[in-house]
Structures are given as structure tokens and as C-alpha cells.
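Subject: Structure for you to look at

Dear colleague,

Please find below the structure that I promised to pass on, together with some notes on what turned up when I went through it. I suggest keeping the view open while you read, so that you can look up each residue as it is named.

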Amino acid sequence: MEYEPVSGEGPIEAQAGEPYHIPVLKEEVIESLITDTGGVYVDGTLGGGGHTAAILERLSPAGRVIGIDRDPEALDRCRERFGSSGGRVTLIKGNYSEVDSLLRGLGIVKVSGILLDLGVSSRQLDEGKRGFSFMRSGPLDMRMGEEGDTAARLVNTLPEVALKKLFYEYGEESRAPRAARAIVAAREKKPFETTGELAATIEKALGRRSGKHPATKVFQALRIAVNRELEGLEKFLGIFPDLLEESGRVAIITYHSLEDRMVKRALRSLEPHCICPAAAPVCTCSEPGIMRVITRKAIKPGKREIEANPRARSAKLRVAEINANNAGGSK
């Protein structure tokens with residue numbers, strides 16, 4: 001995994017006169033996701049609304065977008081942005097992992113496509129008060145919404161062994177023992193309150209190397225834990241096929257290997273597969289599978305996009321389509 005010297009990924013600030021949010025892999029998402037211009041599409045990670053705007057532009061007047069986000073500030077900004085959409089954009093406060101119940105609340109059974117962009121938005125990164133970035137000191141929060149434990153609570157209360165495991169598993173930090181040990185020693189003198197305090201402690205313990213900041217992976221691990229990101233993604237991957245109509249598609253953008261492995265394995269597990277005995281001379285099981293993976297290899301940003309938006313450089317897009325004879329079905 002490669003990261004910019006910030007605690008997450010996602011779009012960066014646009015040039016003057018453009019929206020703040022620059023959607024990652026915008027053209028690739030639109031070309032891969034939309035199969036019915038008059039359909040209903042879900043943007044499960046609304047953020048600044050860049051992908052929603054691009055989807056809406058491609059749809060016919062009959063098309064509609066449902067935007068979901070747990071950040072009330074993001075929803076407020078998007079209400080202003082899409083206020084003139086004539087009801088073609090519906091915004092909901094919630095978590096994409098609950099997309100099934102959120103759609104039921106709208107009376108929607110199936111949709112034409114679902115998009116997830118799992119990166120942290122630029123506004124969340126660039127506003128120190130959110131606590132995502134070690135480049136801007138602020139409260140050690142890291143919550144994408146308003147609920148749950150903060151990062152400060154985790155670093156100030158978890159035992160050293162739990163912190164080490166967290167940094168290993170969610171941050172893939174090989175120096176997790178040193179980072180955990182330093183945090184526990186520092187908090188005995190004074191509890192951590194800001195991102196700057198935590199970043200300085202980690203930098204002192206791990207030392208500076210060329211490239212990314214030494215606190216990058218620790219901050220990633222804390223953010224994932226605080227927002228229960230992997231649990232949410234796992235839940236989504238188990239429910240989304242039942243929400244797609246015939247030829248409906250799912251498109252998911254990931255930014256680190258933990259998420260990408262989960263998405264890759266889940267999509268491939270839904271493909272056609274033979275369950276005949278290994279000794280069988282021909283396949284007779286006719287196991288059709290639920291989905292067809294469109295992207296045999298993940299789609300990545302090109303050189304021009306990365307130059308314009310360095311935070312997009314680790315993005316990977318994977319797309320799959322529901323089989324016509326299994327729309328809304330289950331394995």
C-alpha cells in the first residue's frame with residue numbers, strides 16, 4: 001500500500017472555480033456502473049457528491065440517485081448542491097452497510113446499481129477538527145459520523161497487546177509493538193487529546209523514513225477501528241446481491257489491501273463455479289453463480305489523474321454484474 005502523507009485517501013481540493021470534491025476514477029465508474037439510464041442508483045458513500053453528480057448527469061430524466069452518508073455535514077452540503085435536482089436525488093443519513101433497510105424505508109426493492117468509494121473525503125482530511133490527519137493537529141476523533149468511540153478513547157484505554165494487534169491487523173504495521181509500547185508509556189504521563197500528540201509520539205518511536213509519515217499506518221488502523229469499516233464492508237458484501245435488478249451492477253473503490261482483498265474474494269465467490277466431484281469427466285452441476293465479475297483486474301487511476309489528484313494513486317475499482325437469471329436471488 002502507498003499513501004500520501006495524510007491519514008487516509010480520497011479526492012483533493014479542486015482548482016479555483018471547481019467543486020471542492022474531485023471524484024476518483026469518475027469516468028471509469030460511470031462507464032462501468034450505468035447500464036440503465038432510467039434506473040435507480042445508489043451512491044453509498046456520498047461524501048462531497050462528486051460521483052452522484054456524475055451519475056445524475058449520465059441518467060435520463062427518469063433516472064434517480066439515492067445518496068447515503070453518515071456524516072451530517074456532508075449531507076448538509078449535498079442538500080445545497082442537489083437542491084435543484086427536481087427530486088431526482090434523495091439523500092439519507094445512514095451507513096451503506098444498512099443499504100437494504102434504508103432502501104426499504106423508501107419503498108425501493110431493487111436498484112440498477114450501487115457505488116461505494118471507501119476513501120475518506122478531502123473535507124474530513126483537511127478539517128483538523130475531524131481528527132483524521134496527522135498533518136493538521138486537532139481533536140483525536142476520527143469518527144465519520146457522530147456515533148461510537150473516538151480514536152482518543154481507543155489509544156487511551158486499550159491494553160498494549162490490543163493496540164499491537166490493532167496496528168498489525170488494520171494498519172499492517174510491521175513495527176506495531178514499538179508503536180503500541182510508546183503509546184502506553186506516553187499516556188501514563190498524559191492522556192492523548194490531539195492528533196499532533198499521537199503523531200509526534202509515533203514518529204519519535206518509529207523514526208522518520210523517506211516517503212510516508214511513520215504514523216500513516218497507525219492512523220489508518222485507528223480510523224478503521226473507530227468506524228468499524230471492515231465490519232461494515234463485510235455486511236454490505238453479504239447483502240448487496242439481493243438489491244440488484246437484472247443486469248444491475250456494483251462498483252467498489254478501495255484504497256488499501258485489506259478492503260481490496262475482501263471485495264475481490266467476495267465478488268469471485270459469487271461467480272459461476274463448478275461443484276462437481278474432481279473425478280467427474282464433465283461438469284453436470286450447472287451452478288450458474290449469482291454474479292459476473294466485469295473487472296478481471298482492478299481498474300486503477302492513470303498517470304494524468306494521479307498527477308492531478310495524488311490521493312487517488314492507491315485507488316482500485318472492481319465491478320460485478322448480477323446474472324440475469326439470479327437477479328435478487330441468493331446462493
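Ser32 touches Arg249, Ile299, Leu317 and Val319, if one leaves aside the residues up to four places away in sequence. This serine belongs to helix α1, which covers residues 26-33, and Ser32 counts as buried because its relative accessibility is 12%, where buried means under 20%. Please keep in mind throughout that this is a predicted model.

Let me step back to the chain as a whole. Its secondary structure comes to 13 helices and 7 strands, and buried residues make up 53% of the 331 residues in the chain. If you take the contacts between residues at least 6 apart in sequence, 71% of them join residues that are at least 24 apart. The chain exposes about 14,900 Å², and carbon and sulfur atoms supply 49% of that area.

Next come the charged side chains. Side chains of opposite charge can pair when their charged atoms come close. How many salt bridges does a search of the whole structure find? The search finds 17, and a few of them are worth following one by one.

Two of these salt bridges share Asp260, which is buried, with a relative accessible area of 7%. Arg318 meets Asp260 in a salt bridge of 2.7 Å, N to O. Since Arg318 lies in strand β7 and Asp260 in helix α12, this pair ties together parts that are 58 residues apart in sequence. Lys316 also forms a salt bridge with Asp260, and here the closest N and O atoms are 3.8 Å apart. Lys316 lies in strand β7 (residues 316-322) and Asp260 in helix α12 (residues 257-269), so this pair ties together parts that are 56 residues apart in sequence. As for burial, Arg318 is buried, with a relative accessible area of 8%, whereas Lys316 is partly exposed, at 27%.

Another salt bridge joins the side chains of Glu229 and Arg223, at 2.8 Å from N to O. Glu229 is buried, with a relative accessible area of 7%, and Arg223 is buried as well, with 5%. There is also a network of salt bridges, in which Lys93, Glu146 and Glu147 are linked.

Glu229 leads us on to helix α11, which covers residues 229-239. Which residues of helix α11 are buried? They are Glu229, Leu230, Gly232, Leu233, Phe236, Leu237 and Ile239. The buried residues of α11 pack against several other elements, namely the helices α4 (99-105), α7 (160-171), α10 (216-227) and α12, and the strands β4 (111-117) and β5 (244-254). Helix α12 is therefore a name you have already met, as the helix in which Asp260 lies.

Finally, please turn to the surface, where Lys164, Arg178, Arg181 and Arg209 gather in a patch of positive charge. Among them, Arg181 lies in helix α8, which covers residues 176-189. Is Arg181 buried or partly exposed? Arg181 counts as partly exposed, because its relative accessibility is 46%.

With best wishes

Definitions and conventions
Residues are numbered from 1 along each chain as its sequence is written. This is a predicted model: local features need pLDDT of at least 70, side-chain atom pairs count only at pLDDT 80 or more; totals for chains, interfaces and linings use all residues. Side-chain values use heavy atoms; hydrogens and water are left out. Patches are made of residues with over 30% relative accessible area and no salt bridge: like charges are joined within 9 Å, nonpolar side chains (Val, Leu, Ile, Met, Phe, Trp, Tyr) within 5 Å. Accessible areas come from the Shrake-Rupley method with a 1.4 Å probe; for residues, only the protein chains shown count as cover. A salt bridge is a side-chain nitrogen of Lys or Arg within 4 Å of a carboxyl oxygen of Asp or Glu. Lys and Arg count as positive and Asp and Glu as negative; His and the chain ends are not counted. The place of a charge is taken as NZ of Lys, CZ of Arg, CG of Asp or CD of Glu. Helices (H or I, at least four residues) and strands (E, at least two) are DSSP runs, numbered from the N terminus. Buried means under 20% relative accessible area, exposed over 50%, partly exposed in between (1.4 Å probe, protein chains only). Contact means heavy atoms within 4.5 Å.
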